Number of protein chains: 2
Amino acid sequence: MPATIRDVARASGVHISTVSRTFSAPHLVNPETRVRVLACAEELGYRPNRAARALITGRTHNIGLIIADIANPFFPPLIKAAESQARHRDYHVFVADTNEDPVAEEELVHAMAKQVDGVLLCSPRMSNSLIEQLSREVPLVVINRQVTGLPCVMMDVAQGARLAIEHLLDLGHRKLALLSGPRGSWTSRELRRSAVAAARSGGAELTVLGPNPPTETGGAGLADQVRRAEVTAVLAYNDLMAIGLIEGLDALGIRVPQDVSVVGIDDIALSRLTRPKLTTVATPTAAAGRTAVDMLLQHDTGVRARGVRNGTSDDRRTTAQVMLQTELVIRDSTAPAPLDGRNRPGAACTDPDPDPHCTAGPGHPATATTGDVVAS
Amino acid sequence: MPATIRDVARASGVHISTVSRTFSAPHLVNPETRVRVLACAEELGYRPNRAARALITGRTHNIGLIIADIANPFFPPLIKAAESQARHRDYHVFVADTNEDPVAEEELVHAMAKQVDGVLLCSPRMSNSLIEQLSREVPLVVINRQVTGLPCVMMDVAQGARLAIEHLLDLGHRKLALLSGPRGSWTSRELRRSAVAAARSGGAELTVLGPNPPTETGGAGLADQVRRAEVTAVLAYNDLMAIGLIEGLDALGIRVPQDVSVVGIDDIALSRLTRPKLTTVATPTAAAGRTAVDMLLQHDTGVRARGVRNGTSDDRRTTAQVMLQTELVIRDSTAPAPLDGRNRPGAACTDPDPDPHCTAGPGHPATATTGDVVAS
DNA sequence: GTGAAAGCGCTAACAC
DNA sequence: GTGTTAGCGCTTTCAC
């Protein structure tokens, strides 16, 4: 029903290619014809079909952003930053939410593949090998995960976890718990690795509880386990779980921070609103969104049509991997360890579920840069 | 670089149309050839190009969802519900966030137009006439707004406001304030109209403060104005503003609900987490998301290609307008009016800014149904 | 059951 | 500066 380029051509008495030029290269067309064409287009309500255009040019000027859970307040700052950065470069961002479901994740990549020039995969739950496979279908930038051979933007949660644990050690805590995140989460794995190491080297005992859904409910449901573990301090996979845990503990009559200290991760806006205000590891989410867009668009010349098939195109995009720094924000949910019996460490660190299926190798890659620098 | 249908045809020794059928109408192709084709496709990593397919079929199997502010916790339940409903009908949802910016809103509709089969416009800030114009480019369902001639899903905030005001009147409040929402918001206008009427008919005085950004910061910034207005109760445009206001009042030493009662709108998850827990008008956001998807897909036969141009297609989609019910949830942020001087009503209702540019006419349309029924 | 041919709406050489 | 021509990757009549 909408008017096509042909309708406009007919109405303004020119060839369709002139109409095309009027929109995609106005300077190449006589000012007089241009105004006539524009007038007819306006009249007919004509709009270039971006999908058809993309079929030829190979550029949609859209970016896909796939998110594990749009309801998690961790993501909006990242989304907004990505949108704003994309907008500056004349791109639009389409967001999709997978509900933490790896299958939906894969489907969405396929659904988006040909409607966007690239996809930012944020906190993916699928396997590394699948990610690599999908990256052959559409350019991918991976956020919150390390996949060798692909551009990645990571936040240094390992460093954050170390800072958090050290903070707790400083406060005299010796029996700690870590609430781990979802299975398949690279972040959760990094976190666990680093927290275990930091606790061990500080001579503290650390119990890992999980995996868990990264939600408030997930945290609240762990209150009883935390009590039975007889720990005096807890590091949670994210702020949402930390806040849920505090609620849950409250319901059991356990006070934070007097009885138990709690540290979150992310520094979402909400963490400043709850009582007590949450001590947490701030992750640079906005910077991550911006950086990911930059990395995607960096080498995106988009020349896909025509002669390129013959192979002269330099496909060698430098796959940078960026590690963004985190920092500890101390607020009111942590306090000196109480002086009761709980605080004598017993057994060594307990880690029931090492979740090996999600990373490429131990530790950080040699290629990783530190800081939020990326060529733009 | 990715394999095309032609590559697969060549590899499997059949014509491209056979490959096409293998994917879009498998039953029409000989099982033996089918497996061969499928094998080659797998081998080459072939995936049908959905954009090219859509160019012919007229169906993308995608839905666009345009949201005023993805960081507002009001939206995620709506988004999730829409996604889940879409998924059941084999559709994907692409979300975009406009940052409350009408210009971005329009741009996004254009950007999405040909990549989706329809757009859900949620809480639009643009003008009615522009919405109507855009609806000629792509099928539109409008959420949280009434636009004559277009399918709309609305929440009965007018009723909610009345319930809220009556609740406050019952508690003895006679000097009230309304924190209005953003300019251009249909909801804000409905809210104001209804609140003013309810206050007047209850013999109370109501001061309208605004327009305001619908955020926590927006609410916090109004604390001083609220104090100077010497009111004993406040109805806020949404929960975020209500929570912000409570924070702001707290900073001024004004206690909620002892000194001032506060009512929000939306019943976001957060409203149960703050202290005091928020009294609020619950809006059926998930139902709205589901309903909007249903309405969009209802008549979506998607036949746009080929013969349809000759005009026999019955384009007469019944444009239902659905009004969903709201309800008052009483928690801890409202209490009986304090017995001090403030509570004697003085002047009549004050409404400094009637914001006329956003609605079609006064009151609810005759066509509006009540309840969440919509033919599916 | 499969191939041939036309064409969705548009852009990009290449002539003139 | 404008028209001609050839497709982008795919689906869909229509023959055979």
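**View 1. A:Thr18 meets the backbone of DNA strand D.** In this predicted model, a polar side-chain atom of A:Thr18 sits 2.6 Å from a phosphate oxygen of DNA strand D; a polar contact is a pair of N or O atoms within 3.5 Å (within protein, one must be able to donate a hydrogen and the other to accept it, and residues adjacent in sequence count only if both atoms are side-chain atoms). Over on chain B, a polar backbone atom of B:Asn49 is 2.8 Å from a phosphate oxygen of DNA strand D.

**View 2. A base gets a visit too.** Here a backbone N or O atom of B:Ala52 lies 3.4 Å from a base nitrogen of DNA strand D. Of the strand's atoms within 4 Å of the protein, 58% belong to sugar or phosphate, and the rest to bases.

**View 3. Two chains side by side.** Chain B brings 45 residues to the contact and chain A brings 44, where contact means heavy atoms within 4.5 Å. Which residue of chain A forms a salt bridge with B:Lys80? The partner is A:Asp97, with the closest N and O atoms 3.1 Å apart. The rule finds 8 salt bridges across this interface, each a side-chain nitrogen of Lys or Arg within 4 Å of a carboxyl oxygen of Asp or Glu.

**Reading the labels.** Residues are numbered from 1 along each chain as its sequence is written, while chains are lettered from A and ligands numbered from 1 in the order in which they are written. Local features need pLDDT of at least 70, side-chain atom pairs count only at pLDDT 80 or more, and totals for chains, interfaces and linings use all residues, while side-chain values use heavy atoms, with hydrogens and water left out.

Technical notes: A residue is near a molecule or strand if one of its heavy atoms lies within 4 Å of it.
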